Amino acid sequence: MIALSCTAKTIEENIENIEANRQYIDLAELRVDFLSEDEIEKAGAFPELAGIPVILTYRKPEDGGAAVPIDEEARFAILHRLFSGGYAYVDIEDDADPALVRPLTAAAENAGTEIIRSFHDFDAVPGNLYDRLTAAADGGRFIPKAAVMPKSSADLFKIIETARRLTDTAEGQEAAARGFILLGMGAYGFPTRILAGAMGSMLTFCSPPGTSAAPGHISPSELADYGYIGISRKSRVYGIVGNPAMHSKSPVIHNAWYAAAGIDAVYLPFETADPELIIEKAELLNLGGLSVTIPHKQRIIEVAGIVDESVSAIGASNTMVNRGERGWEAFNTDWLGFLEPLKDYALKGRDALVVGAGGAARAVVYALVKEGMNVQIINRTAAKAEALAADFGCSGGGLDSARSTEPPFLVVQTTSVGMSPDIDGDPLPDFDFSGVDIVYDLIYTPEKTVFLQRAGEAGCRILNGYRMLKAQAAEQFRLFTGCKANF
Ligand code: NAP
């Protein structure tokens with residue numbers, strides 16, 4: 001189920017948020033701590049206005065609530081007054097004063113309101129996560145809930161393995177007889193927000209667009225884009241490993257293709273400093289393959305059992321495919337993606353100038369040399385251009401060594417200069433574009449870098465990196481699923 005956290009100041013605004021997202025959500029959580037004081041007493045009518053089951057929650061500031069300190073007795077008195085207004089669930093922290101909790105739970109049970117006993121850890125995944133959840137469940141009487149903050153991939157797996165103990169052991173099933181809610185916060189915890197249902201968690205939370213009630217909440221429509229309701233333990237999981245990974249556009253691209261092809265799969269961002277651990281836990285995740293991004297493209301090759309020829313030549317892999325007992329196979333789809341927008345041009349025997357000598361440049365040079373072009377590489381650090389050139393049998397030097405005779409047919413900009421937010425940057429401000437046919441910048445945010453703008457003004461045909469991004473992803477999709485992506 002999907003629960004919308006309602007954190008607006010007024011009942012009216014919260015109802016408007018429910019209306020705007022009704023098609024995506026199953027229930028709502030009213031956060032009383034966010035309501036302005038004069039709105040709190042109106043909250044008794046909220047479930048009827050909402051028209052869907054509602055969780056009544058009044059969070060203390062130390063548990064992530066709005067920063068309005070309130071005396072515990074007053075907080076419980078408000079919960080007491082409100083819950084009888086038709087709330088389906090009431091959330092009570094597991095460490096609240098038993099003398100205050102007892103009368104509220106008794107009254108809630110009499111009224112048929114389900115009780116969630118929750119705890120939050122904004123700093124860590126506690127070592128006693130499973131024990132604390134089962135204690136909060138009180139022998140299956142309550143729904144235990146934990147929202148915790150993983151600080152590593154190892155922490156992420158602690159959460160997933162805890163869920164597995166609750167779903168797959170007789171003891172866990174007994175404790176979680178009324179269900180459980182278990183979520184990881186922040187970038188490391190994000191996969192649990194999407195896999196919640198598959199992990200057995202009763203629900204996942206989301207926030208209205210533009211707001212975030214807790215670290216890692218996304219909007220209801222973004223959850224729908226991940227295909228949340230269709231994800232089960234049988235769904236094949238794919239993803240991108242990187243550090244960072246949350247900014248990646250790959251989940252949007254891949255998940256749309258799975259949906260279009262009717263494939264039972266989901267693609268997630270795995271922010272991680274430890275991509276090897278993600279691969280080690282492949283079975284737990286039902287992991288079929290990974291895209292790999294900065295800074296893991298080189299080290300990931302070490303865990304591959306089978307290495308594609310392009311990976312050996314480029315020295316980096318951006319795609320890992322799980323071949324089961326045969327191990328993981330490493331591919332590089334960047335060079336193929338790079339060539340796709342150039343497929344209608346005759347490249348063989350013509351001159352190309354590549355600006356930059358980093359990881360992307362290696363894939364570009366590999367592709368251009370394979371196409372039979374004469375390649376010159378220039379880079380801020382001349383030694384790196386020279387080393388790259390030596391690997392591929394071309395020429396290389398510093399940024400001021402761009403050849404001054406015939407203009408090349410193609411100029412490829414592979415540095416990060418000009419990329420958002422530093423959109424005023426230009427790696428070669430004095431470069432004269434006249435006579436150059438095509439100028440290709442691998443950057444796609446902004447759509448047109450200063451470098452591309454100048455090239456366009458000089459009459460060159462210009463290409464940005466968006467088509468390359470889609471084309472390399474389409475090749476990954478084919479390697480993952482055997483299906484062709486339409487893009
Ligand atoms: P990288 O390995 O870190 O290489 C960065 C390159 O940029 C190096 O050549 C570096 O020169 C140069 N550079 C950085 N700051 C500079 C500056 N201030 N002045 C001059 N040169 C500078 O990064 P990468 O993986 O190759 O990625 C480079 C760019 O390609 C990024 O913008 C990335 O988004 C883009 N990219 C796009 C796609 C796509 O699908 N469209 C795919 C991959 C990459 P030094 O060697 O002197 O440090």
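Colleague: How many residues surround the ligand, and which are the closest?
Modeller: 21 residues surround the ligand, counting those with a heavy atom within 4 Å of it. The closest are Ala360, Asn379, Arg380, Thr381 and Lys384. Keep in mind that this is a predicted model, where local features need pLDDT of at least 70 and side-chain atom pairs pLDDT 80 or more, while totals for chains, interfaces and linings use all residues. Residues are numbered from 1 along each chain as its sequence is written, and side-chain values use heavy atoms, without hydrogens or water.

Colleague: OK! How far is Lys384 from an oxygen atom of the ligand?
Modeller: An N or O atom in the Lys384 side chain is 2.8 Å from a ligand oxygen. That is a polar contact (a pair of N or O atoms within 3.5 Å).

Colleague: What about the backbone of Ala357 and of Gly465?
Modeller: Ala357 has a backbone N or O atom 3.0 Å from a ligand oxygen. For Gly465, a polar backbone atom lies 3.0 Å from a nitrogen atom of the ligand.

Colleague: Which helices each supply at least two residues of the shell?
Modeller: Helix H16 (359–370) and helix H19 (466–481) each do that. Helices (at least four residues) and strands (at least two) are DSSP runs, numbered from the N terminus.

Colleague: New topic: in what order do the strands of the open sheet come?
Modeller: The 6 strands run E10-E9-E11-E13-E14-E12, with mixed pairing. Strands pair if DSSP finds at least two bridges between them.

Colleague: Which ones are at the edges?
Modeller: Strand E10 (265–271) and strand E12 (306–307), each of which pairs on one side only.

Colleague: And how do E9 and E11 run, parallel or antiparallel?
Modeller: They run parallel: 5 bridges join strand E9 (residues 236–242) to strand E11 (residues 287–292). Tyr238, for instance, has Gly289 in E11 as its bridge partner.

Colleague: Any backbone oddities? Which residues does a cis peptide bond join?
Modeller: One joins Ile294 and Pro295, with omega about 5°. Pro295 is in the loop between E11 and E12. The bond from Ser420 to Pro421 is cis too, with omega near 10°. You'll find Pro421 in the loop between strand E18 (410–413) and strand E19 (438–441).

Colleague: And Asp138, is its phi positive or negative?
Modeller: Positive, about 50°, although Asp138 is not a glycine. Asp138 belongs to the loop between helix H6 (129–137) and strand E6 (143–148).

Colleague: Why point these out?
Modeller: Because most residues other than glycine have a negative phi, and most peptide bonds are trans.

Terms used. Polar contact = N/O pair within 3.5 Å; in protein donor to acceptor, adjacent residues only side chain to side chain.
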